[in-house]
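User: I'd like to go through the holes in this protein and hear how each label is earned. Could you take me through them?

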Amino acid sequence: SFKDRGSSLEITKALEFGKRKVALASTGNMGASVAAYAAYGGLECTVFVPDIVGKEKLSQMKAYGAKTVMVEGDYALAMKRAEEFVVSDPDSFLTGDYPWRSEGTKTVGFEIADQLYWRVPDHVVVPVGNGTLIWSIFEAFKELSLVGITESIPKIIGVQVENCDPVVHACENDLGEIIPVKDPRTVATAIACGDPIDGLAALKA
Ligand SMILES: *Cc1c(COP(=O)(O)O)cnc(C)c1O
């Protein structure tokens, strides 16, 4: 459900810019979320999915009327296809792990603090795929502290799977850069992002 926070904002922006279509790459959950909000906003939705995506996730997207395009490759290739689609069609808007989504996703951090009466927890443990969630949560806590609503920033702990851990690898080895994992294979398809868009931001968080 956290994906909806960003999707809702992205669809609002697509409508504001007068677009009639949205496109994105997704390993499943974001596709389902954007498909739902696109349907609500009356926008056509095309989702490019890597070949590891399960049937149950595809049917969620289709149930909301989205078109799904299976690419022969991983998430990075699906992302390339989505970007090409949007570049070739000025009527379309690219959704995904881009800055508007991050603004919506920040509400995860705001609400954690809100529900704790504006105190922050010591730790927040976050799964990391593209790194947008962990970065947005970190930013939210930073902003709350910057304006003086909260007094500290929690320690953020990012979690990845063994077969796809470019951010964890960089963090543990003090690399300062992300070395992409090629064609990752894991049952945790939602976080199988071998070359995470917000990898460096996640590392900072
Ligand atoms: C999208 C997703 C993540 C990872 O979020 P990122 O912003 O890509 O790091 C983690 N878990 C689930 C279930 C997801 O759908």
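Analyst: Here come the cavities, then the pockets. Heads-up: this is a predicted model, where local features need pLDDT of at least 70, side-chain atom pairs count only at pLDDT 80 or more, and totals for chains, interfaces and linings use all residues. Residues are numbered from 1 along each chain as its sequence is written, and side-chain values use heavy atoms, with hydrogens and water left out.

User: Why is the space lined by D74, Y75, A76, M79, V181, P184, A192, C193, G194 and D195 called a cavity?

Analyst: Because on a 1 Å grid over the protein atoms alone, a 1.4 Å probe fits there but cannot get out; lining residues have an atom within 4 Å of a point. This largest cavity holds about 50 Å³, a volume being the space filled by probe spheres set on grid points joined across faces, edges and corners.

User: What makes the lining of the second largest cavity 5 nonpolar, no polar and 4 charged?

Analyst: Its lining is P50, D51, I52, D74, Y75, D183, P184, R185 and A192. Asp, Glu, Lys and Arg count as charged; Ala, Val, Leu, Ile, Met, Phe, Trp, Tyr, Cys and Pro as nonpolar; the others, Gly among them, as polar. So D51, D74, D183 and R185 are the charged ones.

User: Why is the space of about 320 Å³ called a pocket?

Analyst: Because a pocket is an open set with protein on both sides within 12 Å along at least five of seven lines. Of its 22 lining residues, F2, K3, D97, N130 and A190 lie nearest its centre.
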